[in-house]
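Biologist: Please examine the two-chain model shown here. I should like to discuss its backbone geometry, its sheet and its interface in turn.

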Amino acid sequence: MSVQALSKDEFDPASVVTSDPVVRVETISKHYGTVEALRSIDLQFERGKLTTLLGPSGCGKTTLLKIIAGLVPATSGQIVVNGRAVTGPGPERAFVFQDFALMPWATVLRNVGFGLELKGLAAAERNRIARRYIEEVGLQGFEDKYPHELSGGMRQRVGIARAFAVNADVLLLDEPFSAVDEQNRRKFQEDLLRLVEMERKTFIFVTHSIEEAVYVSDRIVLLSPRPGRVSNIIDPRIDRTADPDDIRRDPGYLDVVEEIWQSLRHYAE
Amino acid sequence: MSVMSQDAKVVAPAATTGQALRLFAERRRSFWVVLSLLVLFTAWEIAGRVPISFAFPTFLDTLAAFFEMVGDGSMIRAFFLTLQPLVLGVAVSALLGIALGIVMGLSDRMEWLLAPVFIVLQAAPMAALVPLVTFVYGIGLVAKTLAVIMLALPVIVLNSYKAVRHVNPSLVDMCRSFQGNRRQQIFKIIIPDASPVLFAGLRLGVAAGFIGVMLAELLITPTGIGDLITYHRSVANYAHMYAAVAAIIAASTLTLAALQWFETNVMRPEKRRS
């Protein structure tokens, strides 16, 4: 378990090797009026990997994710997905929302199949696909429940199944576990790793939890606040075949957590 | 809920009638609704027997007058006349009001253009404007329908507009992120998410429509229920007059209840289970 990280003064994001970028963020800046939220962000996201955007609140990590999703327009710069510049949402990206964004009037089955419903798929076909992903996230038996009948953790499983169901190349997850309690969070992180393994998709994950980032990520992008800039990129290189509880006790894992904490601590008030 | 009613079935046969009644009272809302009406009608009956005024009939006299008027057909004829401007006016107000409200909710420019008009109309004492309508449209169905629309439309428009403005923005983002087009966004997300407030506006609009039609029938020309009230008052048939008033109140209440039922059963099925 080795850790590759560069110290802050010699760090240059362009020098970080990415062999097959599925998403390229090219000099993205974002201003809200006179407030500068993001300053010329350059990033590449490798296909099939889980990359985390990590930083203190106000670093613009969710804004950057929403710009990649095409939900928020950038002030300057461009997003390139699969070699094509994109300006809005597209079928190659699917979003998982922090507040789940489930339709309260629709059953789990309809919520999961909603992306397919919007594409005009026939009910039988989209229900068949939805059932498969409901099972994959461990919600079989809950197809006919409404969101208010589920716990926070189960609701986010619905959100994740919905994103999987449209079969996008890239999954964008905006603090998906922040509304989930601590016990379920850990289970969730383990399930996420299993799904990453199974689905072979690219994940871009936003969190403010250092432990969560180190535990799930292939690569961590550290953002610094006001304005948001890339301050460091860390590849934790953790052996994920090990038992989850052993990973959390591993010195290599704890070293990365400590290193990230040291580089972020001066932003904490 | 289903589990509870199951074990109620198990318990009920062994329990006494008193216990069964108590169980029923604890679990059923209808018991309390009936009780509430019973208290109201008893108070009415007592007040009529005192009597608080020689022009205040008892509940039972009123009920008898009601059945007499149903029997001789005058109540049915009156409702037939009253319902014409009412149904027409409420239908126009509902369709136009929800459409205008949604347009105003979706576009800032339409809001700036239309909201002041409806805010002024909602604040205006409409009863004062009803006589003006007769100058322009006479005393026929058009004038009465207009009176209904004048009262029902502003509240429906303003509520629909507020409903759309309060739609969960995260759901709209969700629809966009899955490439929903504008039409899908409106019909699959905005209208269903807005429907509770939309229906609240519709209920207020229907209630206002009933006020409108009664104003029209009392102020423009006496027809329908308004005529029954005016006529029986003039001949001092107070039980009949109260029966006509109570009938229109009951009609209004039942319409609102039906609207509520439609909302929870058709528009928002999740509200049946909670």
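**Questions on a predicted model**

Modeller: According to an unreviewed UniProt entry, the annotation "domain: ABC transporter" covers residues 23-250 of chain A. The coordinates considered here are those of a predicted model.

Biologist: How far apart do the end C-alpha atoms of residues 23-250 of chain A lie?

Modeller: The span is 34% helix and 28% strand. The separation of its end C-alpha atoms is 32 Å.

Biologist: Which strands of chain A are the edge strands of the open sheet in the order β3-β2-β5-β6?

Modeller: Four strands of chain A form this open sheet, and their pairing is antiparallel. An edge strand pairs on one side only, a condition met in chain A by β3 (35-46) and β6 (84-86).

Biologist: By how much are neighbouring strands of this sheet turned against each other on average?

Modeller: The value ignores direction. On average, the angle between neighbouring strands is 25°.

Biologist: Which helix of chain A packs on the sheet, touching β2, β3 and β5?

Modeller: The direction of the helix makes about 120° with that of β2(A). The strand β5 that the helix touches spans residues 76-81 of chain A. The helix, residues 61-69 of chain A, is α1.

Biologist: Which residue in β3(A) stands opposite Ile28(A)?

Modeller: Strand β2 (residues 21-32) of chain A runs antiparallel to β3(A), and eight bridges join the two. Opposite Ile28(A), in β3(A), stands Ile41(A).

Biologist: Is Asn167(A) buried, partly exposed or exposed?

Modeller: Asn167(A) lies in the loop between α5 (152-165) and β8 (170-174) of chain A, and has a positive phi of about 55° although it is not a glycine. Because Asn167(A) has 15 C-beta neighbours inside 10 Å, it counts as partly exposed.

Biologist: And how does Ala236(B) count, as buried or exposed?

Modeller: Ala236(B), also not a glycine, has a positive phi of about 60° and is found in the loop between α11 (224-234) and α12 (238-267) of chain B. Since 10 C-beta neighbours lie inside 10 Å, Ala236(B) counts as exposed.

Biologist: What is omega for the cis peptide bond that joins Val50(B) and Pro51(B)?

Modeller: Pro51(B) lies in the loop between α3 (29-49) and α4 (59-71) of chain B. For the cis bond from Val50(B) to Pro51(B), omega is about -15°.

Biologist: How many residues of chain A are in contact with chain B, and which helix of chain A gives the most to that side?

Modeller: In the contact between the chains, 19 residues of chain A meet 15 residues of chain B. With three residues, the helix of chain A that gives the most is α3 (residues 114-118).

Technical notes
Residues are numbered from 1 along each chain as its sequence is written. Chains are lettered from A and ligands numbered from 1 in the order in which they are written. This is a predicted model: local features need pLDDT of at least 70, side-chain atom pairs count only at pLDDT 80 or more; totals for chains, interfaces and linings use all residues. A residue is buried if 20 or more other C-beta atoms lie within 10 Å of its own, exposed if 12 or fewer, and partly exposed in between; C-beta atoms are placed from the backbone. Two residues are in contact if their C-beta atoms, placed from the backbone, lie within 7 Å. UniProt positions are given in the numbering used here, feature names are shortened, and annotations may be inferred rather than shown by experiment. Two strands pair if DSSP finds at least two bridges between them. Axes are lines fitted to C-alpha atoms, for helices over the stretch in contact, and angles run from 0 to 180 degrees between N-to-C directions.
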